[in-house]
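Please take a moment with the sequence and the structure shown here before reading on. The paragraphs that follow lead from single residues to the sheet and then to the pockets.

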Amino acid sequence: MTDFAVARRNMVEGQVRTADVTDLRIISAMLEIPRERFVGPAMAELAYLDLDVPVGEGTVARRLVKPMVLSKLIQAIKIAGDGRVLDVGCATGYGATVLARMAGHVVALEQDPVLARSASAALADEANVTAVSGPLADGFAQGGPYDAILMEGATEFPPQTLFRQLKDGGRLACVLGAEPGAKAMLYRRSGEEVGGRPIFDAAAPLLPGFAKPLAFVF
């Protein structure tokens, strides 16, 4: 039987710290939060491995983003203690629980009804988290504007709708593209303009609503 406390420490020491994650708030949260509770019982043994863990019975291709990628994306958006954050594709709520240890308020958005119910239950005791349900690609404008937006998965195009929900100076982190060649991206809004830059090589499952439309071929 897995000793989850040991597995949690090994995850942080072997996957998070070694990836140049130095924000002690992230490290502390990941040492504290039982990741195995955010996956189904059949997947609990995989919760701390360096992989994207499947979640949600009956859902298609939804996973918790691997710890290294998640922690580096969170570090990149530089969350202030009073910051307002939108978590897009929160799945069962693990990432939102990490964010709750850092931000003033977190809006956790999920569109899959099974996952949304799981997230709402998991986040019920987090006083500074609001769990909402709706299309991921629409974001949640009524809860914004946001100091930071985290996308817990990949997009095949820059998410313009989400950019418009950032405050001036706000930051968005995501994985852009599909393997091979996908990159973690950090975008920053300045007035009406948004600029982005790659920050590390990464891959993540594609989020619903963020696939490029199929092009018609003659």
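Aspartate 20 counts as exposed, because its relative accessibility is 59%. In this predicted model, aspartate 20 belongs to the loop between α1 (4–16) and α2 (24–32), and its backbone has a positive phi of about 65° although the residue is not a glycine. Lysine 78 can be read alongside it, since at 60% relative accessibility lysine 78 also counts as exposed. The loop that holds lysine 78 runs between α3 and β3, and here too a residue that is not a glycine has a positive phi, in this case of about 45°. On the way along the chain, lysine 78 comes just after α3.

Returning to the beginning of the chain, the reader will find arginine 9 in helix α1. With a relative accessible area of 45%, arginine 9 is partly exposed. Its C-alpha atom lies 9.8 Å from that of isoleucine 27, although 18 residues separate arginine 9 and isoleucine 27 in sequence.

The sheet is the next thing to trace. Seven strands make up an open sheet of mixed pairing, and their order is β5-β4-β3-β6-β7-β8-β9. The edges are taken by β5 (129–133) and β9, and because each of these has a single partner strand, one side of each is left without a neighbour in the sheet. On average, and with direction ignored, neighbouring strands of this sheet are turned by 15° against each other.

Within that order, strand β3 (residues 84–88) and strand β6 (residues 146–155) are paired in the parallel sense, with four bridges between them. One place to look for this pairing is valine 88, whose bridge partner in β6 is methionine 151. Helix α3 (residues 67–76) packs on the sheet, where it touches β6, β7 (166–176), β8 and β9, and the direction of the helix makes about 155° with that of β6. How much of α3 is covered? The helix is mostly covered, for eight of its ten residues are buried; among them are Val69, Leu70, Leu73 and Ile74, together with Ser71 and Lys72.

At β9, the reader can follow a pairing of the other sense, in which strand β8 (residues 183–190) and strand β9 (residues 193–201) run antiparallel and are joined by eight bridges. Serine 190 stands opposite glutamate 193, a residue of β9. The hairpin formed by β8 and β9 has two residues between the strands, and in this hairpin glycine 191 takes a positive phi near 65°.

The loop between β5 and β6 deserves a separate look. Glycine 134 lies in this loop, and its relative accessibility of 15% means that it counts as buried. When neighbours within four places in sequence are left aside, glycine 134 is in contact with Leu109, Glu110 and Gln111. For glutamine 111 the separation is given by the C-alpha atoms, which are 4.7 Å apart in space, while the two residues are 23 residues apart along the chain. Proline 145 also has its place in the loop between β5 and β6, and the peptide bond that joins glycine 144 to proline 145 is cis, with an omega of about 0°.

The remaining step is to look at the pockets. The largest pocket holds about 280 Å³ of space. It is lined by 16 residues, and those closest to its centre are Phe38, Val39, Gly40, Gly56 and Thr92. Which helix gives the largest share of this lining? It is helix α5 (residues 113–122), which contributes four residues. Sorted by class, the lining of the largest pocket consists of ten nonpolar, four polar and two charged residues.

The second largest pocket has about 180 Å³ of space. Its lining is made of 15 residues, and Glu179, Ala202, Ala203, Ala204 and Pro205 lie nearest its centre. By class, this lining has nine nonpolar residues, one polar residue and five charged residues.

Notes. Residues are numbered from 1 along each chain as its sequence is written. This is a predicted model: local features need pLDDT of at least 70, side-chain atom pairs count only at pLDDT 80 or more; totals for chains, interfaces and linings use all residues. Side-chain values use heavy atoms; hydrogens and water are left out. On a 1 Å grid over the protein atoms alone, a cavity is a set of points where a 1.4 Å probe fits but cannot get out, and a pocket is an open set with protein on both sides within 12 Å along at least five of seven lines; lining residues have an atom within 4 Å of a point. Grid points are joined across faces, edges and corners, and a volume is the space filled by probe spheres set on the points. Ala, Val, Leu, Ile, Met, Phe, Trp, Tyr, Cys and Pro count as nonpolar, Asp, Glu, Lys and Arg as charged, and the others, Gly among them, as polar. Two strands pair if DSSP finds at least two bridges between them. Axes are lines fitted to C-alpha atoms, for helices over the stretch in contact, and angles run from 0 to 180 degrees between N-to-C directions. Contact means heavy atoms within 4.5 Å. Buried means under 20% relative accessible area, exposed over 50%, partly exposed in between (1.4 Å probe, protein chains only).
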